[in-house]
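Here's a walk through one chain, meant to be read with the structure open beside you. Grab a viewer and follow along.

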Amino acid sequence: MGKKKSSSAFTYDIYCGQCQTVRFRYAKGSSGGLLRCFIGNITVAPDLELWRTYKSKADFPNLNCSKCGHLMAVPMVYKDGRLAFRMLNGGFGRKKVKG
Ligand SMILES: [Zn+2]
């Protein structure tokens, strides 16, 4: 019906900008820059089930690396009401995942 299939999404591993430990996997709709990661588009994370129970930005802690504690992102609410992590410059890196 003209809607983009999810298979066309770009999938990235988002890792710590300091120690390169992968923090979560993200399905992105386009190949452009990564300013924010919507919680609903995160596909793999150790704490994903917990995040999905959160109802507001106030519930979210900052996103720190699970290994070295480096600050990677802060919670935000996008203009359409979706919860997201605002990714910090230098806080993270990303690597495209095949398939
Ligand atoms: Zn780290």
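What follows goes from the overall layout to the sheets, the core and a few single residues.

## The big picture

First things first: this is a predicted model. The chain has 8 strands and 1 helix, and if you read along the sequence you get β-β-β-β-α-β-β-β-β. The radius of gyration is 13 Å, close to the 13 Å the globule rule gives for 99 residues, so the chain is as compact as a globular protein of that length.

For a feel of the dimensions, the C-alpha atoms fill a box of roughly 45 × 30 × 25 Å along the principal axes. Buried residues make up 18% of the 99 residues. Take the contacts with a separation of 6 or more, and 46% of them turn out to link residues 24 or more positions apart.

## One sheet: β3-β7-β6-β5

Which strands sit at the edges here? This open sheet has 4 strands in the order β3-β7-β6-β5, with antiparallel pairing. The edges belong to β3 (36-38) and β5 (63-64); each has a single partner strand, so one side of each is left without a neighbour in the sheet.

Now go across the sheet pair by pair. β3 pairs with β7 in the antiparallel sense over 3 bridges, and in this pairing Arg 36 stands opposite Arg 86 in β7. Next, β7 and β6 run antiparallel and are joined by 5 bridges, with Leu 83 in β7 as the bridge partner of Val 77. Finally, 2 bridges join β5 to β6, again antiparallel, and Leu 63 stands opposite Ala 73 in β6.

Two hairpins are worth a click. Between β5 and β6 there are 6 residues, and Gly 69 in that hairpin takes a positive phi near 85°. The hairpin of β6 and β7 has 5 residues between the strands, and there Gly 81 has a positive phi near 95°.

## Another sheet: β4-β2-β1-β8

This one is also an open sheet of 4 strands, ordered β4-β2-β1-β8 with antiparallel pairing. β4 (42-44) and β8 (92-96) stand at its edges with a single partner strand each, so one side of each has no neighbour in the sheet. Ignoring direction, neighbouring strands of this sheet are turned by 35° against each other on average.

For a closer look, pick the pairing of β1 with β8: the two run antiparallel and are joined by 5 bridges. Tyr 12 stands opposite Lys 96 in β8.

## The nonpolar core

Which residues have the most contacts inside the largest nonpolar core? That core has 16 residues, and the best-connected ones are Ile 14, Tyr 26, Cys 37, Met 72, Ala 73, Phe 85 and Phe 92. The elements that give two or more residues to it are β1 (10-16), β2 (22-28), β6 (71-77) and β7 (83-87). β7 supplies the largest share, 4 residues.

Cys 37 is a good place to zoom in. Not counting residues up to four places away in sequence, Cys 37 touches Ile 14, Tyr 26, Ile 42, Ala 84, Phe 85 and Met 87.

## Two spots to check: Tyr 15 and Gln 20

Tyr 15 is found in strand β1. Is Tyr 15 buried or partly exposed? It has 18 C-beta neighbours inside 10 Å, so Tyr 15 counts as partly exposed; 20 or more would be needed to call a residue buried. Leaving aside neighbours within four places in sequence, Tyr 15 is in contact with Gln 20, Thr 21, Val 22, Arg 23, Phe 92, Gly 93 and Lys 95. Leu 63 is 48 residues from Tyr 15 along the chain, and their C-alpha atoms are separated by 11 Å.

Gln 20, one of those contacts of Tyr 15, has its place in the loop between β1 and β2. What is notable about its backbone is phi: the angle of Gln 20 is near 70°, a positive value in a residue other than glycine. Gln 20 is partly exposed, with 13 other C-beta atoms within 10 Å.

Definitions and conventions:
Residues numbered from 1 in each chain as written. Predicted model: local features only at pLDDT ≥ 70, side-chain atom pairs only at ≥ 80, totals over all residues. Core = buried A, V, L, I, M, F, W, Y, C linked by C-beta atoms within 7 Å. Buried ≥ 20, exposed ≤ 12 C-beta atoms within 10 Å, placed from the backbone. Contact = placed C-beta atoms within 7 Å. Rg over C-alpha atoms; globule rule 2.2 N^0.38 Å. Pairing = 2+ DSSP bridges. Axes fitted to C-alpha atoms, helices over the stretch in contact; angles between N-to-C directions.
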